[in-house]
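Biologist: Before we use words such as buried, exposed or compact, I would like to hear what stands behind each of them. Could we take them one by one with the model in view?

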Amino acid sequence: MHDMSYLGTIKKNKREIPPRLLAVRNREVKSSQFAFQADVTVVSYKYPTKKKKVLLISTLHHDNKIDPDSGESLKLDMITFYNRTTGTGGE
């Protein structure tokens with residue numbers, strides 16, 4: 001077996017996503033909601049812009065650690081790692 005991991009975004013229309021991860025209306029800006037299951041972590045991060053969130057799934061990250069280099073944005077290690085390793089340049 002190959003030692004592989006996955007980190008990527010998820011579209012919000014997937015029925016497997018817990019509803020609490022999709023609700024951003026009453027959540028604080030820069031807040032995160034998690035769902036942990038065995039070797040998979042799903043996170044919903046609310047961006048400072050109104051009603052904008054990102055959903056990520058990872059088999060590499062298994063905690064809610066904040067990246068200390070993210071400053072006031074309080075981005076998770078998972079998010080900054082994703083931004084560094086994709087070709088999009090990150091947000």
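Biologist: Why is A38 called exposed?

Modeller: In this predicted model, A38 has a relative accessible area of 77%, and the word exposed is kept for values over 50%, so A38 falls in that class. The residue sits in the loop between β2 and β3, and its phi is positive, about 45°, although A38 is not a glycine.

Biologist: What makes a positive phi worth a remark?

Modeller: Most residues other than glycine have a negative phi. A38 departs from that pattern with its phi of about 45°, and K30 is another case, with phi near 65° in a residue other than glycine.

Biologist: Where is K30 found, and why is K30 called partly exposed?

Modeller: K30 belongs to the loop between α1 (19-22) and β2 (32-37). Its relative accessibility is 25%, and because partly exposed covers the range between under 20% and over 50%, K30 counts as partly exposed.

Biologist: Which class does V40 belong to, and why?

Modeller: V40, which is found in strand β3, has a relative accessible area of 29%; since buried would require a value under 20% and exposed one over 50%, V40 is partly exposed. Leaving aside neighbours within four places in sequence, V40 is in contact with A35, I57, S58, T59 and H62. The C-alpha atoms of V40 and Y6 are separated by 9.1 Å, with their positions 34 residues apart along the chain.

Biologist: T41 also lies in β3; how do you know whether T41 is buried or exposed?

Modeller: The relative accessibility of T41 is 1%, and buried means under 20%, so T41 counts as buried. Beyond residues up to four places away in sequence, T41 touches F34, A35, F36, L56, I57, S58, H61, H62 and M78.

Biologist: What makes the pair T41 and H61 a polar contact?

Modeller: A polar atom of the T41 side chain lies 2.7 Å from the backbone oxygen of H61, and because a polar contact asks for N or O atoms within 3.5 Å, one able to donate a hydrogen and the other to accept it, the distance meets that limit.

Biologist: Why is L56 called buried, and which residues does L56 touch?

Modeller: L56, in strand β4, has a relative accessible area of 1%, and the limit for buried is under 20%, so L56 is buried. Not counting residues up to four places away in sequence, L56 touches G8, T9, I10, T41, V42, V43, M78, I79 and Y82. The C-alpha atoms of L56 and G71, by contrast, are 20 Å apart, although 15 residues separate the two along the chain.

Biologist: Which residues of helix α2 are buried, and what do they pack against?

Modeller: In α2 (residues 77-85) the buried residues are M78, I79, T80, Y82 and N83, and together the buried residues of α2 pack against β1 (7-9), β3 and β4 (53-58).

Biologist: How do you know that L76, in the loop between β4 and α2, is buried?

Modeller: L76 has a relative accessibility of 2%, and buried means under 20%, so L76 counts as buried. Apart from neighbours within four places in sequence, L76 is in contact with S32, F34, V43, N64, K65, I66 and D67. L76 and T9 are 67 residues apart in sequence and 14 Å apart in space, C-alpha to C-alpha.

Biologist: What pattern does the chain follow along the sequence, and why is the chain called as compact as a globular protein of that length?

Modeller: The chain has 2 helices and 4 strands, in the order β-α-β-β-β-α. Its radius of gyration is 13 Å, close to the 12 Å that the globule rule gives for 91 residues, so the chain is as compact as a globular protein of that length. Along its principal axes the C-alpha trace spans about 45 × 30 × 25 Å.

Biologist: How much of the chain counts as buried, and what supplies the area that the chain exposes?

Modeller: Of the 91 residues, 34% count as buried. The chain exposes about 6,500 Å², with carbon and sulfur atoms supplying 52% of that area.

Notes
Residues numbered from 1 in each chain as written. Predicted model: local features only at pLDDT ≥ 70, side-chain atom pairs only at ≥ 80, totals over all residues. Heavy atoms only, no water. Rg over C-alpha atoms; globule rule 2.2 N^0.38 Å. Buried < 20%, exposed > 50% of the residue type's maximum accessible area, 1.4 Å probe, protein only. Areas by Shrake-Rupley, 256 points an atom, 1.4 Å probe, with all protein chains shown as cover. Contact = heavy atoms within 4.5 Å.
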